[in-house]
Amino acid sequence: MDNVSPSAIGDIRAWYFMDSNHAWIFYSNETLYRTKDRGKNWIGEKVPFSMGKLFFVNSDGEYQGWELKKYGPASGNVFVDVYKLVSDKWIFIHKGELPNNTSSSTNSLPYEGEKKSFIFLPDGKTGFVAIERREPGKYGLYITTDGGNTWNRKDIPLLSECKNDSILIYPFKFFDNKGNTVIIWPVSIYNGAQKNYQTIF
């Protein structure tokens, strides 16, 4: 077993491993390291974010990346922005809703709730953010179809029936099934009256 870590100092804030060759590791000194050769060599660059979630896809042989930038603690309400990796530069593409429920644009990611999952599909246009709220019956599923510039809320009829239950959100998982993308989303529902959990996929 070989040590293929970058020679960096600081806490790891996020990481993403695309395949056996390509990986990105983000450190607390606001430096994002990337490798294309299984960790033999790492290149570090300063980035315009300090915490959040990374995601990368290989779209037709081109690597595309996004960062869901957080402005605050790891859990609870927090406003977020979206950055996209364009020609090896991180570009700001989306302003999230601010705490007073105002935003600089329509179709914004909300301030309320913990952003539990952030993914994009291989087309480089379709993305999802799953949000957990601290109120019974509240959850958030937001979808983009333009690469992260705008986001729209999606209602799930099955979850809309759980008005009095706590909805616990888990990260998405997707895979390709003979050319069709399949998305798996586990959700746990806690019924306070019956004091039991039901987990659905």
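**Nonpolar cores and the β1–β2 hairpin**

When neighbours within four places in sequence are set aside, Trp-185 is in contact with Ala-130, Tyr-139, Leu-141, Ile-156, Leu-159, Ile-169, Tyr-170, Phe-172, Ile-200 and Phe-201. A separate core, lying apart from the one that holds Trp-185, comprises 5 residues, including Ile-25, Tyr-27, Tyr-33 and Trp-42. The structure is a predicted model. Within it, the largest nonpolar core contains 42 residues, and the members with the most contacts inside that core are Trp-90 and Trp-185.

Towards the start of the numbering, strand β1 spans residues 12-17 and strand β2 spans residues 23-27. The two strands pair in the antiparallel sense, with 5 bridges between them. The connection from β1 to β2 is a hairpin of 5 residues. Across the pair, Ala-14 stands opposite Phe-26 of β2. Ile-25 and Tyr-27, whose positions fall within the residue range of β2, are also among the members of the 5-residue core.

Ala-8 is located in the segment that precedes β1. This residue is classed as partly exposed because its relative accessibility is 22%, whereas the limit for a buried residue is under 20%. Beyond its neighbours within four places in sequence, Ala-8 is in contact with Tyr-27 and Tyr-33, both of which are listed in the 5-residue core. Trp-42, another residue of that core, is separated from Ala-8 by 34 residues in sequence, while the C-alpha to C-alpha distance between Ala-8 and Trp-42 is 9.8 Å.

Note on methods: Residues are numbered from 1 along each chain as its sequence is written. This is a predicted model: local features need pLDDT of at least 70, side-chain atom pairs count only at pLDDT 80 or more; totals for chains, interfaces and linings use all residues. Side-chain values use heavy atoms; hydrogens and water are left out. A nonpolar core is a set of buried Ala, Val, Leu, Ile, Met, Phe, Trp, Tyr and Cys residues joined through side-chain atoms within 4.5 Å. Buried means under 20% relative accessible area, exposed over 50%, partly exposed in between (1.4 Å probe, protein chains only). Contact means heavy atoms within 4.5 Å. Two strands pair if DSSP finds at least two bridges between them. Helices (H or I, at least four residues) and strands (E, at least two) are DSSP runs, numbered from the N terminus.
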